[in-house]
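Colleague: I should be grateful for a close look at a single part of this model, namely the protein surface beside the DNA. Please take the strands in turn and name the residues and elements concerned.

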There are 2 protein chains.
Amino acid sequence: MSKPTDNCGFAAAIKMIEGKWKVDILCELGTASRRFGRLRQAIPEISEKMLAQQLRELEADGLVDRKVYPELPAKVVYSLTERGMALNTAADALCRWAEQFSPVAEASTQVYAAPAPS
Amino acid sequence: MSKPTDNCGFAAAIKMIEGKWKVDILCELGTASRRFGRLRQAIPEISEKMLAQQLRELEADGLVDRKVYPELPAKVVYSLTERGMALNTAADALCRWAEQFSPVAEASTQVYAAPAPS
DNA sequence: CCGCATCCTCTTCGATACTG
DNA sequence: CAGTATCGAAGAGGATGCGG
């Protein structure tokens with residue numbers, strides 16, 4: 001492939017967090033490590049299926065760590081990896097960007113009667 | 001709603017650029033202003049429908065400016081707004097993050113101790 | 001040249017039920 | 001408690017044709 005995004009790692013970063021619930025999960029884990037059930041409570045709208053799926057993707061991308069305690073009943077704890085925490089830091093720039101321009105809605109459907117350029 | 005992401009503008013930022021081709025378009029417009037047809041050439045895999053649709057969404061979010069020249073044949077030029085350019089700046093942090101931990105192919109299945117990739 | 005409308009396909013997601 | 005499996009609905013996305 002030779003898409004323009006191949007040059008900048010931005011696309012790769014977005015790919016990792018564009019999932020429907022990824023940001024919520026990362027935000028929650030950014031607060032503290034959580035068990036599976038605790039995450040469900042924190043994000044009530046998500047289904048078990050999606051939570052498990054998104055967590056596995058985040059784990060595959062090296063953003064989330066998964067620790068299994070072979071107790072009974074089962075216990076699994078999720079936490080951010082170093083990389084995941086670094087993402088939260090990097091995301092801060094985007095946070096400030098979003099807040100900076102928050103309520104702008106200027107219509108720019110302007111029509112120009114310009115000379116033919118090329 | 002009361003999701004954890006409501007507090008940080010990060011989710012809002014992601015929403016604006018999580019479209020399948022948004023990053024490509026923004027990257028391309030980050031280089032220079034482009035006409036519709038020129039964008040299609042730059043991103044060959046995208047269909048006309050998606051390009052038009054994504055551009056309208058980006059315009060609605062105030063990231064892209066659309067200038068119509070009522071010539072014949074029609075001519076429309078797209079460019080980044082101030083906000084769009086600011087996004088590219090903010091995205092830089094994410095770029096560096098992605099590159100920092102980039103494709104570290106730490107194959108756990110790889111057992112040999114031989115060096116020398118040709 | 002730009003881009004909208006229609007049709008059709010493929011993926012995604014939610015709901016439910018079941019296992020260790 | 002922490003998942004997996006299956007099904008059906010909903011939406012995203014591609015192809016094509018028409019209109020300004």
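Modeller: The following account treats the surface beside each DNA strand and then turns to some features of the chains themselves. Please keep in mind throughout that this is a predicted model.

Let us begin with DNA strand C. There are 18 residues around this strand, and those that come nearest are K49(A), M50(A), F36(B), R56(B) and R66(B). Of the atoms of DNA strand C that come within 4 Å of the protein, 65% belong to sugar and phosphate.

Individual atom pairs give a finer view of DNA strand C. In the side chain of R66(B), an N or O atom is 2.4 Å from a phosphate oxygen of the strand. The side chain of R35(B) has an N or O atom 3.1 Å from a sugar or linking oxygen of DNA strand C. A74(B) takes part through its backbone: one of its polar backbone atoms is 3.5 Å from a sugar or linking oxygen of DNA strand C.

The elements behind this surface come from both chains. From chain A, α4 (48-60) supplies at least two residues of the surface near DNA strand C, and from chain B so does each of α3 (36-42), α4 (48-60) and β3 (75-80). The element that gives the most is α4(B), with four residues. Sorted by class, the residues of the surface near DNA strand C are nine nonpolar, seven charged and two polar.

We now turn to DNA strand D. Around this strand there are 19 residues, of which G37(A), R56(A), R66(A), Y78(A) and K49(B) come nearest. Sugar and phosphate make up 62% of the atoms of DNA strand D that come within 4 Å of the protein.

Phosphate oxygens of DNA strand D appear in several atom pairs with chain A. One such oxygen is 2.5 Å from an N or O atom in the side chain of R66(A). For the side chain of R35(A), the distance from an N or O atom to a phosphate oxygen of DNA strand D is 2.9 Å. G37(A) contributes a polar backbone atom, which is 2.7 Å from a phosphate oxygen of DNA strand D.

At least two residues of the surface near DNA strand D come from each of α3 (36-42), α4 and β3 (75-80) of chain A, and from α4 of chain B as well. Here α4(A) gives the most, with four residues. The classes in the surface near DNA strand D are nine nonpolar, eight charged and two polar.

The loop before β3 deserves a separate remark. P73(A) is placed in the loop between β2 (64-69) and β3 of chain A, and the peptide bond that leads from L72(A) to P73(A) is cis, with omega near 5°. In chain B, P73(B) lies in the loop between β2 (64-69) and β3, and the peptide bond from L72(B) to P73(B) is cis, with omega near 5°. As general background, most peptide bonds are trans.

Finally, chain A may be considered as a whole. Chain A contains five helices and three strands, arranged from the N terminus in the order α-α-β-α-α-β-β-α. Chain A has 118 residues, and 41% of them are buried. Two charged residues sit over aromatic rings: K75(A) lies over the face of Y69(A), at 5.0 Å from the ring centre, while R83(B) lies over the face of W97(A), at 5.3 Å from the ring centre.

How values were computed. Residues numbered from 1 in each chain as written. Chains lettered and ligands numbered in written order. Predicted model: local features only at pLDDT ≥ 70, side-chain atom pairs only at ≥ 80, totals over all residues. Heavy atoms only, no water. Near = heavy atom within 4 Å. Polar contact = N/O pair within 3.5 Å; in protein donor to acceptor, adjacent residues only side chain to side chain. Nonpolar A, V, L, I, M, F, W, Y, C, P; charged D, E, K, R; others polar. Lys NZ or Arg CZ within 6 Å of the ring centre and 35° of its normal. Buried < 20%, exposed > 50% of the residue type's maximum accessible area, 1.4 Å probe, protein only.
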